[in-house]
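Here are my notes on the model you sent, set out as numbered points. Please read them with the structure open.

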Amino acid sequence: MKENAVLEMKNIHKSFPGVRALQGVNFTLCKGEIHALMGENGAGKSTLIKVLTGVYGKDEGQIFLEGKEEAVAIRSPQDAQRLGISTVYQEITLCPNLSVAENMYIGRSEKICQNWKKMNADADRILQSLDIPAKSTQQLASCSIAVQQMVAIARAVDMDCKVLILDEPTSSLDEQEVEKLFKLMRDLKARGVGIIFVTHFLDQVYEVCDKITVLRDGKLVGEYAIKDLPRLQLVSKMLGKELDDMSDIQGEHKAYEAKSGEEPVFEAENLESDAGIKPFDFYIRKGEVNGFTGLLGSGRSECVRAIFGADKVIGGTVKKDGKVVKINKPIDAMRQGIAYLPEDRKKDGIVGDLSVRENIILALQVLKGFWKPFTKAEAYKFADEYIKLLDIKTASADTPIKSLSGGNQQKVILARWLLTHPEYLILDEPTRGIDVGTKVDIQKLVLKLASEGMSVTFISSETDEMLRTCSRLVVMRDRKVVGELSGSDLNQNMIMSTIAGGDKK
């Protein structure tokens with residue numbers, strides 16, 4: 001066991017049907033260390049954390065704690081807690097209707113059974129020692145999200161936690177709240193607590209962490225001291241692209257590149273939503289395919305959700321053909337000729353119990369009004385036309401959409417929006433989780449639509465795919481726009497350098 005290690009995970013394997021989620025992963029955390037666990041979507045971060053906390057059982061491997069030679073068995077979250085492993089999740093898992101003290105001691109009968117006065121006094125003592133701005137008797141719901149997270153951390157500290165896992169704790173916090181959380185993390189570090197920090201924010205990693213472990217595709221890429229891993233190299237390791245082995249990967253056909261003199265069809269100025277993105281400017285011209293790129297969590301999806309009115313807009317303006325238009329909700333955007341295929345097709349896209357036909361006509365029916373339903377003949381005509389156009393594999397138009405493959409579900413949602421004949425089509429991760437053949441079909445369709453004059457914004461986690469389809473990319477980092485690339489700058493090296501902020505130290 002490594003000297004001073006509070007946790008060592010060795011050769012961890014975990015598989016699910018058809019997926020090898022973790023393949024021989026090693027992870028070491030030392031006492032008094034803040035250690036970032038980094039990786040893109042599907043890298044294995046969440047699975048590793050769930051194995052450590054007993055949510056999942058591991059297939060192979062061993063877990064050691066505090067330098068002991070005997071491996072521990074963690075079969076449940078309760079086991080993990082007894083061993084001093086605590087987790088604070090992005091979504092607060094406390095009870096907002098109870099007091100701060102009650103939340104700190106809930107589930108711990110020996111504390112709750114004491115008199116209330118002593119319980120509150122004990123809670124206040126812990127809160128004060130950690131400099132948390134809350135009182136034991138106040139209702140948790142009256143506290144900010146940041147303070148609620150700190151209360152969850154205080155609960156873990158009082159349970160003598162040796163390993164504290166913070167899973168995306170800053171995603172809902174403003175800059176001042178992040179600073180308060182970092183102060184608490186540094187205080188705990190000084191007390192000898194080992195902290196695993198899971199985050200997508202590069203700036204925050206370099207501000208507060210001592211080490212970084214990078215996972216990719218369920219495998220360990222490496223463990224690095226923060227001083228030995230410049231941001232540019234971190235980005236390359238997360239994406240799996242070596243800096244000296246990258247070329248601008250272009251397809252045989254490139255999207256129509258709009259002339260610089262043409263007026264934008266749609267543009268946004270200082271647009272800001274309640275999803276936490278910084279105000280941003282954006283424009284797209286007729287027949288152009290552009291995209292938002294950046295690491296997962298950078299704000300790509302939040303930007304297009306703001307444009308479509310899917311998140312509440314709290315500032316800025318949207319213009320169509322140079323004139324200001326009001327887009328407060330998705331129906332406003334639809335009436336302006338905007339269509340939006342969302343990132344999560346199961347949650348925000350398909351209506352599982354409805355048929356393929358009903359899913360296809362849904363958006364057009366909303367625009368027309370439900371009091372003016374399509375005739376059965378019209379509905380079947382529309383469905384049959386787009387099933388054929390997009391080569392949707394389904395037994396019939398009446399088949400429930402939930403019984404289709406992921407790729408065919410995605411084609412149905414695409415058909416739904418194409419049926420509205422939009423001027424501007426937003427596609428957020430349209431090829432995620434679908435087979436290669438369908439991916440190529442969708443990419444070809446995007447280029448065809450652009451050649452016919454439709455404006456398209458395309459978002460994908462696969463940079464190669466973005467380079468094949470887009471003629472201009474808006475680069476995001478930590479929920480703000482940090483650059484725009486086009487022409488000869490549109491390549492892997494420039495994307496990674498811009499994401500990293502040009503930091504080559």
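1. In which hand does α13 pass α15? The crossing is right-handed. Bear in mind throughout that this is a predicted model. Helix α13 covers residues 356-368 and helix α15 covers residues 406-418; the two pack at an angle of about 35°, and their axes lie 6 Å apart.

2. The contact between these two helices can be followed residue by residue. On the α13 side it involves Val356, Asn359, Ile360, Leu362 and Ala363, and on the α15 side Val412, Ala415, Arg416 and Trp417. Sorted by class, the residues of the contact of α13 with α15 are seven nonpolar, one polar and one charged.

3. Helix α13 also packs against helix α14 (residues 376-389), here at an angle of about 115° with the axes 9 Å apart. The crossing of α13 and α14 is right-handed. From α13, the contact takes in Val356, Arg357, Ile360, Ile361, Leu364 and Lys368; from α14, Glu378, Ala379, Tyr380, Phe382, Ala383 and Ile387. Nine nonpolar and three charged residues make up the contact of α13 with α14, with no polar residue. Val356 and Ile360 appear in the contact with α15 and also in the contact with α14.

4. Turning to the sheets, six strands form an open sheet in the order β5-β6-β7-β3-β8-β9, and the pairing is mixed. The edges are β5 (85-88) and β9 (219-225); each has a single partner strand, so one side of each has no neighbour in the sheet. From one strand to the next, the twist averages 20°.

5. At the β5 edge, the pairing is with strand β6 (residues 163-167): the two run parallel and are joined by four bridges. Within this pair, Thr87 is opposite Ile165 of β6. Helix α6 (residues 145-158) lies across β5 and β6, and runs at about 175° to β5.

6. Elsewhere on the six-stranded sheet, helix α9 (residues 231-239) lies across β3 (34-38), β8 (211-216) and β9, running at about 25° to β8.

7. An open sheet of four strands has the order β11-β10-β13-β14 and antiparallel pairing. Its edge strands are β11 (280-284) and β14 (323-325), each with a single partner strand, so one side of each is left without a neighbour in the sheet. The twist here averages 25° from one strand to the next.

8. Strand β10 (residues 266-273) is joined to β11 by four bridges, and the two run antiparallel. Glu267 stands opposite Tyr283 of β11. Helix α10 (residues 300-308) lies across β10, β11 and β13 (313-320), at about 70° to β11.

9. At the start of the numbering given here, strand β1 (residues 5-16) pairs with strand β2 (residues 19-30) in the antiparallel sense, over eight bridges. Glu8 has Thr28 in β2 as its bridge partner. The hairpin of β1 and β2 has two residues between the strands, and Gly18 there takes a positive phi near 80°.

10. Finally, the interior space. The count is one cavity of 30 Å³ or more, and the volume of the largest cavity is about 50 Å³. Its lining consists of Glu40, Leu239, Thr293, Gly294, Arg300, Ser460, Ser461, Thr463, Ile495 and Ile499. By class, that lining has three nonpolar, five polar and two charged residues.

Definitions and conventions:
Residues numbered from 1 in each chain as written. Predicted model: local features only at pLDDT ≥ 70, side-chain atom pairs only at ≥ 80, totals over all residues. Heavy atoms only, no water. 1 Å grid on protein atoms, 1.4 Å probe; cavity = no way out; pocket = protein on both sides within 12 Å on 5 of 7 lines; lining within 4 Å. Points joined across faces, edges and corners; volume = space filled by probe spheres on them. Nonpolar A, V, L, I, M, F, W, Y, C, P; charged D, E, K, R; others polar. Axes fitted to C-alpha atoms, helices over the stretch in contact; angles between N-to-C directions. Left-handed = near helix turned anticlockwise from the far one by under 90°. Contact = heavy atoms within 4.5 Å. Pairing = 2+ DSSP bridges.
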